[in-house]
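Subject: Structure handover

Hello,

Here is the structure we talked about passing on. Please open it first, then read the notes below it.

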Amino acid sequence: METEEICQYFNQIIENEKDVSAGIAAIRTLLKVLEKSKSGTMQEFASVEYRKAVEAMKMTDHPVTAIASGSELFFRFITLKKIDAARSVDECKQIMMTRGKIFYDTLIKARDKIAKLASTFIADGSKILTHSRSRVVLQTMKQAVANKKIFEVYVTDSSPDNSGQEMCQNLRDLGISCTLILDSTVGYIMEQVDMVMIGAEGVAESGGIINKVGTYTMAICAKEMKKPVYALTESFKFSRIYPLNQVDLPDEFKYTSSTLKKDLKKEHPLVDYTPPHYITLLFTDLGILTPSAVSDELINIYL
């Protein structure tokens with residue numbers, strides 16, 4: 001597949017399927033690239049086609065964090081076990097396709113697993129603060145409603161794209177009492193809530209999270225007022241990066257590809273990094289983890 005075709009396929013998934021994240025769309029795109037691959041060897045696919053596909057998706061104006069981690073884990077999974085060298089290229093490709101589909105099917109079920117785990121932490125009468133729009137947080141609250149829980153949610157407007165407005169409407173459609181608040185009122189609202197429940201675009205090796213800008217501010221306020229911060233995220237978003245602060249977070253994670261061509265000093269980042277000591281627990285498809293356990297899970301994945 002050519003670069004333009006890869007970008008078009010990836011963009012169409014995101015535009016046509018609103019509940020599909022950029023990470024899942026990236027994995028589906030890589031499956032299509034593998035299916036149409038004309039590489040003469042698996043080494044050629046790994047060094048040329050796979051890398052070209054990942055770079056093409058990073059060029060689109062979608063969150064790079066999940067694309068990078070999801071693509072890396074996908075490739076790791078399909079090449080985890082050695083394939084008999086005596087097999088033909090077509091046979092090798094078929095084995096990798098089978099592994100890739102297993103990996104994809106597992107990820108599709110991840111959101112429901114997380115929702116079932118995290119929804120048990122929502123008690124009747126709870127007041128929850130969330131930031132921006134997170135598909136897994138929405139699914140968790142939907143599960144809590146199915147469990148007959150009655151609770152209230154505060155959602156930040158979430159500048160600059162105001163994605164909190166859509167999240168608030170989604171919650172109201174589920175019959176959940178929801179209040180849209182200004183980003184600047186997080187400190188004021190924090191003393192009224194019982195917990196903070198947020199999604200994540202990526203999880204660093206330290207257990208800190210990369211998420212919509214403003215998450216770090218929210219977590220600091222929660223820490224000061226002794227409110228638990230629960231991060232809900234699929235394990236394919238675990239990434240082998242170890243940022244020490246906001247500046248240390250790679251620019252490609254903080255800005256879209258089109259923004260990277262501009263003067264970044266005059267641009268607002270789209271995500272920020274929340275260090276692990278501000279996160280109480282991570283709810284993942286691997287189970288409920290403390291931030292310190294993320295590095296152990298990454299070791300198990302990449303051994």
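The notes go from the whole chain to its strands, then to a helix and a few single residues.

**Whole chain**

Please keep in mind that this is a predicted model. The chain has 303 residues, and 51% of them are buried. Its secondary structure comes to twelve helices and ten strands. Along the principal axes, the C-alpha atoms fill a box of roughly 65 × 45 × 35 Å.

How does the radius of gyration compare with that of a compact globule? For 303 residues, such a globule would come out near 19 Å. The chain has 20 Å, which agrees.

Contacts reach far along the sequence. Of those with a separation of 6 or more, 73% join residues 24 or more positions apart. The exposed surface is about 14,400 Å², and carbon and sulfur atoms supply 51% of that area.

**Parallel strands**

Start with strand E4, residues 195-198. E4 runs parallel to strand E1 (residues 127-130), and two bridges join them. Here Ile128 stands opposite Met195. E4 also runs parallel to strand E7 (residues 229-232), this time with three bridges. Val196 faces Val229 across that pairing, and Ile198 has Ala231 as its bridge partner.

E7 then pairs with strand E9, residues 281-284. That pairing is parallel too, over three bridges. Leu232 of E7 has Phe283 of E9 as its bridge partner.

Are the faces of E4 covered or open? Both are covered. Met195 and Met197 lie on one side, Val196 and Ile198 on the other, and all four are buried. E7 shows a similar list. Val229 and Ala231 point one way, Tyr230 and Leu232 the other way, and all are buried. In a regular strand, side chains alternate between the two faces of the sheet.

**The antiparallel sheet**

There is also an open sheet of three strands with antiparallel pairing, in the order E5-E6-E8. Its edge strands are E5 (202-203) and E8 (271-274), each of which pairs on one side only. Two bridges link E5 to strand E6, residues 209-212. Gly202 stands opposite Ile210 there.

Take a look at Asn211, which lies in E6. Its relative accessibility is 7%, so Asn211 counts as buried, the cut-off being under 20%. Setting aside residues up to four places away in sequence, Asn211 touches Ile198, Gly199, Ala200, Glu201, Leu270, Val271 and Asp272. Ile198 on that list belongs to E4, where it is buried.

**Helix H4**

H4 covers residues 64-78. What span should its 15 residues have? At 1.5 Å a residue, 21 Å is expected. The end C-alpha atoms are 21 Å apart, which agrees.

H4 is mostly covered, with eleven of its 15 residues buried. Val64, Thr65, Ala66, Ile67, Ala68, Ser69, Gly70 and Ser71 are among them. Leu73, Phe74 and Ile78 are buried as well.

**Single residues**

Met218 is found in helix H10, residues 215-224. Its relative accessible area is 2%, so Met218 is buried. Which residues does Met218 touch, not counting those up to four places away in sequence? They are Leu129, Thr130, His131, Thr156, Val186, Met190, Val196 and Ile198. Two of the names there, Val196 and Ile198, sit on one side of E4. Asp112 is 106 residues from Met218 in sequence, and their C-alpha atoms are 26 Å apart.

Ser163 is found in helix H8, residues 163-173. With a relative accessible area of 14%, Ser163 is buried. Beyond its neighbours within four places in sequence, Ser163 is in contact with Ser132, Arg133, Asp157, Ser158 and Lys212.

Last, the cysteines. How many disulfides does the count give? It comes to zero. Cys168 is buried, with a relative accessible area of 2%. Cys178 is buried too, at 9%.

Best regards

Notes. Residues are numbered from 1 along each chain as its sequence is written. This is a predicted model: local features need pLDDT of at least 70, side-chain atom pairs count only at pLDDT 80 or more; totals for chains, interfaces and linings use all residues. Side-chain values use heavy atoms; hydrogens and water are left out. The expected span of a helix is 1.5 Å times one less than its number of residues. Buried means under 20% relative accessible area, exposed over 50%, partly exposed in between (1.4 Å probe, protein chains only). Two strands pair if DSSP finds at least two bridges between them. Contact means heavy atoms within 4.5 Å. The radius of gyration is taken over C-alpha atoms; the globule rule is 2.2 Å times the number of residues to the power 0.38. Accessible areas come from the Shrake-Rupley method with a 1.4 Å probe; for residues, only the protein chains shown count as cover. A disulfide is a pair of cysteine sulfur atoms within 2.5 Å.
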